[in-house]
Amino acid sequence: EARAQEPYGSEDIGFDATGDDFLELAIMFGFLSMFSVTFPLTGVLAFFCAYLEIHVDEYKLKHMVRRPLPELMASLGPWSIIFQAVVLMSIFTNAALLVWPGNTRFTPLLRVFVDEPTAERIAEEFPRVIWMLFCVVLLAVRSLTLQVFGRAGHNVWLGRQRIRMVLEALREPRASTECPRFAEQTNF
């Protein structure tokens with residue numbers, strides 16, 4: 001077992017800040033998804049921040065701390081619930097930002113259902129109705145997206161199998177580096 005732990009270095013310089021990394025991602029994702037309607041370049045800025053974060057973490061893991069021990073996780077755990085909550089909050093936030101401060105005119109959309117004077121009156125007098133319609137449409141898009149793309153697919157299963165194989169190799173070092181059980185399932 002000591003031989004399998006060799007590349008991970010001393011426990012004195014161990015690194016286990018997965019929670020901090022997920023917290024950074026959750027905050028960035030929250031701001032991006034909830035407020036990008038007000039400043040569309042937020043996505044570009046978030047991309048550059050994530051790119052910089054990758055390189056900072058790479059330097060940290062290569063030069064400052066030891067490599068973390070891989071652990072098999074079935075899911076993101078409580079972070080999955082947090083990310084789903086952020087997505088739901090962003091639906092309501094984006095709809096509100098489009099209806100109230102944005103003063104977006106929805107009369108062309110309303111004219112599909114009612115005549116023009118009625119559409120003007122509804123847009124002026126009932127912004128809450130428009131907000132609720134917007135929320136319903138965005139929730140329907142989210143639901144349709146989940147139905148089409150699903151929550152997890154074959155790639156997730158394949159990734160879990162690879163991680164399981166690495167963990168098995170760390171626990172029981174073998175003379176051969178190839179594991180025939182996974183070679184036939186993954187078709188590399």
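This passage walks through the fold, one helix and one surface patch of a predicted model. Local features were taken at pLDDT of at least 70 and side-chain atom pairs at pLDDT 80 or more, while totals for chains, interfaces and linings use all residues. Residues are numbered from 1 along each chain as its sequence is written, and side-chain values use heavy atoms, leaving out hydrogens and water.

The chain holds nine helices and zero strands, where helices (H or I, at least four residues) and strands (E, at least two) are DSSP runs numbered from the N terminus. Of its 188 residues, 20% are buried, that is, under 20% relative accessible area with a 1.4 Å probe and protein chains only; exposed means over 50%, and partly exposed lies in between. Among contacts (heavy atoms within 4.5 Å) with a separation of 6 or more, 73% join residues 24 or more positions apart.

A good place to look next is helix H4, residues 78-99. Its 22 residues reach 32 Å from first C-alpha to last, close to the 32 Å expected at 1.5 Å a residue, the expected span being 1.5 Å times one less than the number of residues. Buried positions in H4 include Trp79, Phe83, Val86 and Ile91, and Ser90 and Asn94 are buried too.

Turning to the surface, Phe47 sits in helix H3, residues 42-64. Phe47 counts as exposed because its relative accessibility is 53%. Together with Phe39, Leu41, Val44, Leu45, Phe48 and Tyr51, Phe47 makes a nonpolar surface patch of about 750 Å².

Conventions: Patch = residues over 30% accessible without salt bridge, like charges linked within 9 Å, V, L, I, M, F, W, Y side chains within 5 Å. Areas by Shrake-Rupley, 256 points an atom, 1.4 Å probe, with all protein chains shown as cover. Salt bridge = Lys/Arg side-chain N within 4 Å of Asp/Glu carboxyl O.
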